[in-house]
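User: Please take a close look at one part of this model for me. My topic is the sheet and its surroundings.

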Amino acid sequence: MRHYELLVVAKPTLNEEELQAKLSFLSDILEKNGAVIAAKNHIGSRKLAYQINKFERGIYVVYYFTAPTAAIAEVERIIRITEEFIRFMTVKFENQKEIRHWNKQVDKLTKKTPVVEQEPEIPAALAETEETEEA
Amino acid sequence: MAEKRKYARKYCKYCEAKIEYIDYKDAKILRHSLSERYKIMPRRLTGNCKRHQEMVELAIKRARHTAVIPYIIDTRKVVAVPFEQIQQ
């Protein structure tokens with residue numbers, strides 16, 4: 001079992017029911033292939049940086065799960081067939097540091113069930129850089 | 001040295017912030033290593049350490065694929081602050 005993160009971008013034209021149906025369909029497939037879903041982050045509709053299939057927006061959903069390696073190929077195959085998902089990205093978390101990040105994300109999502117605005121900590125040094133570059 | 005130094009003293013900002021893993025979904029962290037045209041800035045200009053530069057590169061490429069940040073900025077449709085529009 002390895003640690004994975006799966007991001008899917010769904011079509012913005014789906015209504016609430018259709019979206020829930022598609023997401024439960026996806027989580028069913030994950031579980032059928034032996035994955036254990038640890039957390040789910042519903043980011044929601046956001047603007048795409050560029051058009052995908054003529055869509056300007058997309059619904060972002062992230063899954064954190066552990067799964068055997070063989071499951072990924074099958075899940076990706078099904079996502080490719082499913083028209084409602086316009087983009088996806090699976091990321092494998094391998095070494096200790098990456099897994100620590102994975103655990104942190106899962107903790108964050110499972111503790112705060114009512115999704116609070118997650119403002120990632122941006123250190124002051126990073127925020128200031130824009131000014132120094134232009135100077 | 002007649003040439004004026006363009007950039008401030010360089011050091012790895014990611015090391016300073018003690019970032020262990022750079023998440024591709026977090027565009028704010030990636031912003032530091034991107035130019036105005038959303039190209040990946042070289043290490044010699046940003047001062048990133050090699051380890052973090054490699055992490056950033058991978059994260060930027062993933063972010064581009066998932067449409068979190070653009071591949072290119074259209075030169076014909078120039079917007080004043082493109083980054084904020086993408087945010088929401």
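Analyst: A residue is exposed if 12 or fewer other C-beta atoms, placed from the backbone, lie within 10 Å of its own, buried if there are 20 or more, and partly exposed in between. Lys104(A) counts as exposed because 12 other C-beta atoms lie within 10 Å. Of the 135 residues of chain A, 22% are buried.

This is a predicted model: local features need pLDDT (the predictor's confidence in each residue, 0 to 100) of at least 70, side-chain atom pairs count only at pLDDT 80 or more, and totals for chains, interfaces and linings use all residues. Residues are numbered from 1 along each chain as its sequence is written, chains are lettered from A and ligands numbered from 1, in written order. The model scores ipTM 0.73 and pTM 0.75.

Now the sheet. Chain A has 4 helices and 4 strands (DSSP runs numbered from the N terminus: H or I of at least four residues, E of at least two). Their pattern along the sequence is β-α-β-β-α-β-α-α. The 4 strands form an open, antiparallel sheet in the order 2-3-1-4. Strand 2 and strand 4 of chain A stand at the edges; each has a single partner, so one side of each lacks a neighbour in the sheet. Neighbouring strands are turned by 20° against each other on average, direction ignored.

Look at one pair (pairing needs at least two DSSP bridges). Strand 1 and strand 3 of chain A run antiparallel, joined by 9 bridges. One partnership links Ala10(A) to Ile59(A) in strand 3 of chain A.

Helix 3 of chain A lies across strands 1, 2, 3 and 4 of chain A, at about 95° to strand 2 (axes are lines fitted to C-alpha atoms, for helices over the stretch in contact; angles run from 0 to 180 degrees between N-to-C directions). Lys104(A) sits in this helix, residues 96-111.

Which residues have the most contacts inside the largest nonpolar core? They are Val8(A), Val9(A), Phe65(A), Leu30(B), Ala59(B), Ala63(B) and Ile69(B), in a core of 40 residues (buried Ala, Val, Leu, Ile, Met, Phe, Trp, Tyr and Cys joined through C-beta atoms within 7 Å). Strand 3 of chain A gives the most, 7 residues. Not counting residues up to four places away in sequence, Val9(A) touches residues of both chains (contact: C-beta atoms, placed from the backbone, within 7 Å), including Ile59(A), Phe85(A), Thr66(B) and Ala67(B).

How values were computed: Two residues are in contact if their C-beta atoms, placed from the backbone, lie within 7 Å.
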